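The following exercises guide a first reading of the structure. Each task is followed by a solution in steps.

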Amino acid sequence: MNKINDKNRVKSGTIASLVGIIANLFLALSKILVGAIFGMISLLADGLNNLTDCGSSVISTISFRLSAKPADKEHPYGHERIEYICSLAVAFIILLVAFETIKESIEKIISPTPITFSYWIIGVLILSFALKFALFFYYRAVANKINSSVLKATSIDSLSDCVSTGVVLISFLISKFTNYNVDSYAGILVSIFIAFSAVNILKDIFSTLIGKAPEQTVISQLKEKILSYPDVLGVHDLWVYSYGPNMFFASVHVEVDANVDVLISHELVDQIEKEVFESTGILLTGHLDPIVTDDIRVNTLREQTLKILEQIDTRFSIHDFRMVFGENRTNVLFDVAIPYDCALSKEQIKNTLEQKISEIDPKYCLIVTVEQCI
């Protein structure tokens with residue numbers, strides 16, 4: 001992943017938001033005007049939805065400005081999480097419009113009003129569908145470019161609007177050719193689509209605020225970058241923490257040869273931290289982990305242990321492997337990293353390892369820690 005310049009991010013996000021304001025304001029005024037003239041509740045609902053989209057774009061513009069504020073004493077990790085708060089505001093506004101539209105649609109079912117056929121209605125709906133579809137692709141492209149949660153939410157909402165507009169158009173044509181007024185029912189259906197998109201946005205943002213795991217590509221690229229250094233023997237306990245769409249911190253244990261001078265190894269870790277930040281924007285903290293590489297007994301048992309783990313689950317890995325030799329017993333100490341979706345319990349894994357390693361040598365006393373990792 002590459003860090004985007006803050007100024008470029010604000011500029012791209014602001015332009016996208018302004019495009020949304022202009023497009024949605026035009027659609028909202030067109031639909032509300034035509035819907036009011038011809039008494040079409042579902043078109044009015046769709047117009048009100050576009051009006052909230054306009055408000056959402058205003059919130060997006062504000063969020064880009066506020067989230068770009070530099071870190072200060074009260075907020076040492078910056079202000080980028082403001083964008084998540086703004087995304088929540090967008091979702092709640094959408095939910096409110098959906099609720100109000102459902103209420104009005106039910107009232108129209110109880111007291112229906114006739115709809116006047118007009119090609120103006122068809123024209124407005126077709127234009128809206130085409131424009132919203134274009135906005136979906138535009139928002140998605142910019143959101144992926146600058147890693148913006150608020151624009152991702154807006155792109156999903158634009159796609160939902162396409163579905164809503166399609167439902168309104170179909171209901172209008174049904175009313176025209178069957179003489180059966182389904183406009184109010186279409187209004188309810190449109191509102192459900194609107195609410196559904198808002199709920200999806202809320203779920204995604206809540207998950208992010210709780211502490212959603214980073215994308216696997218971020219972890220893989222970071223591991224690949226660290227392992228590209230010849231003197232790095234392995235990495236483990238890699239954790240990535242997000243403080244906003246463009247602010248990441250990470251910590252990792254870097255395995256190096258224990259025989260190499262500690263100052264040289266420390267310099268290597270410093271170099272890794274510096275170059276990772278320059279290439280990805282991630283503020284990395286590396287922990288030096290010296291491992292023994294020239295003891296045949298340790299190396300042999302490590303390889304045997306790895307083969308045992310591969311038989312259990314190929315995704316398992318080990319680190320901090322060491323042996324303490326004694327006359328009557330030898331302590332074998334290491335950590336096993338397992339994925340979160342592993343079906344086996346930690347105790348089952350420990351018991352299997354103890355059984356298999358004792359078969360290699362009964363003197364081996366296993367002291368193992370099983371930990372979950374991303």
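Two strands count as paired if DSSP finds at least two bridges between them; helices (H or I, at least four residues) and strands (E, at least two) are DSSP runs, numbered from the N terminus. The model is predicted: local features need pLDDT of at least 70, side-chain atom pairs count only at pLDDT 80 or more, and totals for chains, interfaces and linings use all residues. Residues are numbered from 1 along each chain as its sequence is written, and side-chain values use heavy atoms, with hydrogens and water left out.

**Exercise 1. The open sheet**

Determine in which order the 3 strands of the open sheet lie, and which of them are the edge strands.

Solution. Step 1: the order is β4-β5-β6, and the pairing is mixed. Step 2: β4 (317–325) and β6 (364–373) are the edge strands, since each pairs on one side only. Step 3: on average, neighbouring strands of this sheet are turned by 15° against each other, direction ignored; such angles run from 0 to 180 degrees between N-to-C directions, with axes as lines fitted to C-alpha atoms. Step 4: β5 (residues 330–339) pairs with β6 in the parallel sense over 10 bridges. Step 5: opposite Cys 365 in β6 stands Asn 331.

**Exercise 2. Positive phi in two strands**

State where Asp 237 and Asp 320 lie, and classify each as buried, partly exposed or exposed.

Solution. Step 1: Asp 237 is placed in strand β1 (residues 234–242), and its phi is positive, about 50°, although the residue is not a glycine. Step 2: the classes are buried (under 20% relative accessible area), exposed (over 50%) and partly exposed (in between), with a 1.4 Å probe and protein chains only. Step 3: Asp 237 is partly exposed because its relative accessible area is 22%. Step 4: Asp 320 belongs to strand β4 and has a positive phi of about 55°, again without being a glycine. Step 5: with a relative accessible area of 18%, Asp 320 is therefore buried.

**Exercise 3. Nonpolar cores**

Identify which residues touch the most other members of the largest nonpolar core.

Solution. Step 1: a nonpolar core is a set of buried Ala, Val, Leu, Ile, Met, Phe, Trp, Tyr and Cys residues joined through side-chain atoms within 4.5 Å. Step 2: the largest core has 38 residues, and Leu 43, Ile 121 and Leu 151 touch the most other members. Step 3: two or more residues each come from α1 (6–38), α2 (41–67), α3, α4 (119–146), α5 (149–178) and α6. Step 4: α4 gives the largest share of this core, 9 residues. Step 5: there is also a second, separate core of 21 residues, which includes Ile 226, Tyr 229, Val 252 and Val 254.

**Exercise 4. A nonpolar patch on the surface**

Find which residues form the nonpolar patch on the surface, and which element gives the largest share.

Solution. Step 1: nonpolar patches are made of Val, Leu, Ile, Met, Phe, Trp or Tyr residues with over 30% relative accessible area and no salt bridge, their side chains joined within 5 Å; like charges are joined within 9 Å. Step 2: the patch consists of Ile 85, Phe 92, Phe 206, Leu 209 and Ile 210, together about 520 Å² of accessible area, by the Shrake-Rupley method with a 1.4 Å probe, only the protein chains shown counting as cover for residues. Step 3: α3 (82–110) and α6 (183–210) are the elements that give two or more residues. Step 4: α6 gives the largest share, 3 residues. Step 5: Phe 206 lies in α6 and is partly exposed, at a relative accessible area of 40%.

**Exercise 5. Salt bridges**

Establish which residues are joined into one network by salt bridges that share partners.

Solution. Step 1: side chains of opposite charge can pair when their charged atoms come close. Step 2: a salt bridge requires a side-chain nitrogen of Lys or Arg within 4 Å of a carboxyl oxygen of Asp or Glu, and the count by this rule is 4. Step 3: one of them joins Lys 274 and Glu 278 (2.7 Å, N to O); both residues lie in helix α8 (residues 262–280), 4 residues apart, about one turn of the helix. Step 4: Asp 313 bridges to Arg 315, with the closest N and O atoms 3.1 Å apart. Step 5: Asp 313 is buried at 15% relative accessible area, whereas Arg 315 is partly exposed at 43%. Step 6: Arg 315 also meets Asp 341 in a salt bridge (2.9 Å, N to O). Step 7: this pair links distant parts of the chain, 26 residues apart: Asp 341 is in the loop between β5 and α10 (346–360), and Arg 315 is in the loop between α9 (296–312) and β4. Step 8: the network thus comprises Asp 313, Arg 315 and Asp 341.
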